[in-house]
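User: Could you walk me through this structure, starting with the overall picture and then one pair of helices?

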Amino acid sequence: MGILEVKNVNKRFGGLQALGDVNLSIEENTVHAIIGPNGAGKSTLLNVLIGKLIPDTGSVMFDGQSVLGRKSYEICQMGISRVFQTPEIFGDLTVLENMMIPIFAKRDGAFQMNAIGATTGEKDVIEQAEHMLESLNMIDKRHFHSAAMSRGDKRRLEIGMCLSQNPRLLLLDEPTAGMARADTNNTIDLLKQIKEERDITIAIIEHDMHVVFSLAERITVLAQGSPLVEDTPDKIKGHPKVREAYLGESA
Amino acid sequence: MLGLNKRDFTLLLIVVALAMLAPFLLNPFPEGSAMAQFNAGYPDLMQKFVIYGIFAIGFNILFGLTGYLSFGHAAFLGVGSYSCVWMFKLLGYNVMPGILLSILTSGIFAYLIGVVSLRRSGIYFSILTLAFAQMSFALAYSVLSNPKFNLTNGETGLQVYSNDPQWLHSADKPDLPHLFGLSMRATHEMQLGAWQFQFNVGYYLCAIIMVLAFYLSIRIFRSPFGMMLRAVKSNNTRMYYTGLNARPYTLAAFVISGMYAGLAGGLLSAVDPLAGAERMQWTASGEVVLMTILGGTGTLIGPVLGSGLIKYFENIFSKINDSVLHSWFSFLPDGMEDFMVTIVHPFVGKGWHLTLGVLFMLIVIFLPGGLVQGGQKIRGLFTGRTEAEQAQADANQSTPAE
């Protein structure tokens with residue numbers, strides 16, 4: 001049993017079969033990459049995994065519980081964190097405040113009416129947030145307005161915000177899309193470091209093969225809405241079906 | 001101090017000083033001088049300053065923190081006013097029950113409207129709140145004032161009649177709004193040379209409540225709850241994917257700001273026991289939006305400054321008529337005098353809205369952060385720091401360096 005079990009999932013948009021009979025099992029404490037050419041259904045699958053889309057048939061179980069039909073904040077409270085293609089952070093807030101919010105959410109749940117106590121009095125939360133920023137090498141930027149930072153730093157902060165909640169599953173949607181090479185490498189290093197330091201399952205959807213092959217332990221190739229093959233990176237590299245899916249029949 | 005950091009406490013002290021010394025500060029010109037018409041230190045206007053200040057402070061908790069622009073806050077002001085007058089009619093002229101009930105009913109009212117309106121955001125939310133407010137206005141103006149069930153007394157406005165029950169009223173109490181026997185209209189006049197200063201009970205009651213309301217808003221701004229509200233404004237998607245449900249946060253902010261509006265409405269009735277439906281009209285909702293933006297959205301003191309400015313214009317500029325203008329320009333040759341009066345005429349008296357409009361445009365274009373940003377610019381001229389540096393310094397102070 002994997003931590004995330006996708007069984008017989010079908011999703012149709014009008015005449016388009018976006019996902020057809022998807023079966024996928026993500027093992028606990030692995031890095032599992034989902035790749036595939038454009039239009040293969042990667043984003044649809046991701047949206048199903050986080051409960052944003054409800055499939056026509058099939059089930060998605062996280063740690064024995066169904067995620068279907070749940071609100072996104074409930075899914076997060078279950079232990080699934082999501083990193084977006086474009087970094088989603090609280091741009092109007094400082095870096096430290098950005099880091100404090102997920103820690104509050106973890107401690108107090110989806111809603112807590114704490115309108116009188118001062119934020120500066122929450123020493124524990126501040127300490128945890130600063131500790132997290134230290135491990136990201138961002139402590140000297142804690143009073144920066146987060147919107148003003150580079151894309152790489154925003155990505156770093158977003159991943160840190162997710163990690164501060166100790167999620168069991170981290171979903172990354174093209175984490176290095178639109179990044180400069182140096183930022184991409186930094187992000188890869190950060191993810192490797194996370195993998196070493198924590199017990200965490202990482203599911204990653206990515207176009208950049210350099211990223212996929214430096215991180216993934218298992219790879220699922222998606223084509224035309226269905227999983228084509230699932231294997232280790234080494235085997236995927238030379239797999240004829242994969243070449244065909246990416247490069248067409250003639251290759 | 002009082003759970004505030006040094007900067008916020010200083011700001012609170014400034015507001016306390018402004019509120020308490022207003023009768024002096026707003027009357028800088030000696031009685032009978034040509035400039036005396038610019039004096040604003042009379043009870044009626046000072047009461048409006050602080051009451052609309054409360055209204056705007058509350059509005060800013062919703063608009064400034066969450067970014068949800070309500071175009072229907074006047075409905076809560078109106079509900080508060082009616083509630084307070086009803087307490088006068090039923091219980092008697094003591095203002096305390098009226099003020100408390102106006103906070104309570106407007107809170108309930110805000111909850112009901114908020115639950116529906118907050119299902120949408122952005123422009124749709126604004127339109128929904130506007131629709132609710134206009135419905136409330138129509139209800140108050142006509143529907144709820146029929147002979148069988150007269151809740152609002154329609155066009156005439158709700159007021160106290162001699163045959164009202166007033167169960168708690170006794171002969172030894174004043175026959176006008178009072179606070180445990182102290183009449184709201186009681187005014188102590190102080191003559192100091194050519195200056196005359198007026199200290200009014202109603203004003204000081206409203207001023208003290210405004211200071212408390214301001215203090216509470218600082219606490220909300222600096223609390224984890226306030227931080228969550230800013231997070232809603234900044235990025236709703238990240239909010240949800242951080243495991244937070246934005247809906248109850250915005251609803252709580254909506255209800256709190258509705259209660260502030262109700263409190264302001266109650267105080268309007270407390271100083272003048274007459275509640276009319278026009279308080280609920282959309283122009284009144286628009287006015288509080290202007291106040292907040294003029295002063296500085298999302299800043300602590302901005303709404304207070306904005307409401308003061310608008311009420312000053314409304315009451316002082318509107319009083320400048322042609323004969324006043326002629327006396328100003330009388331030093332000019334006749335032709336020039338008439339010319340100048342013609343030029344200035346559209347901007348004063350009934351045309352005060354025009355001046356306000358021009359001012360509003362100038363502020364929005366050159367000072368998007370409102371009067372507060374203007375203040376920062378002036379401070380920057382003296383300290384030689386840019387606004388960005390000041391904002392940085394402020395951020396450093398608002399979280400303790402450890």
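**Chain B and a helix pair**

User: Before the details, how much of the contact in chain B is between residues 24 or more positions apart?

Analyst: This is a predicted model, in which local features need pLDDT of at least 70 and side-chain atom pairs count only at pLDDT 80 or more, while totals for chains, interfaces and linings use all residues. Residues are numbered from 1 along each chain as its sequence is written, and chains are lettered from A and ligands numbered from 1 in the order in which they are written. Among the contacts in chain B with a separation of 6 or more, 73% join residues 24 or more positions apart, where contact means C-beta atoms, placed from the backbone, within 7 Å.

User: And what share is buried?

Analyst: Of its 402 residues, 45% in chain B count as buried, that is, with 20 or more other C-beta atoms within 10 Å of their own.

User: How many helices and strands are there in chain B?

Analyst: Chain B has 16 helices and 6 strands, taken as DSSP runs (H or I of at least four residues for helices, E of at least two for strands).

User: OK, the pair: how do H11(B) and H14(B) cross?

Analyst: The axes of H11 (residues 302-316) and H14 (residues 352-366) of chain B, lines fitted to C-alpha atoms over the stretch in contact, come within 9 Å and cross at roughly 150°. H11(B) is therefore roughly antiparallel to H14(B), a term for angles over 145 degrees.

User: Which residues meet there?

Analyst: Ile310(B), Phe313(B) and Glu314(B) of H11(B) meet Trp352(B), Thr355(B) and Leu356(B) of H14(B).

Definitions and conventions. A residue is buried if 20 or more other C-beta atoms lie within 10 Å of its own, exposed if 12 or fewer, and partly exposed in between; C-beta atoms are placed from the backbone. Two residues are in contact if their C-beta atoms, placed from the backbone, lie within 7 Å. Axes are lines fitted to C-alpha atoms, for helices over the stretch in contact, and angles run from 0 to 180 degrees between N-to-C directions. Angles under 35 degrees count as roughly parallel, over 145 as roughly antiparallel, 65 to 115 as roughly perpendicular and the rest as oblique.
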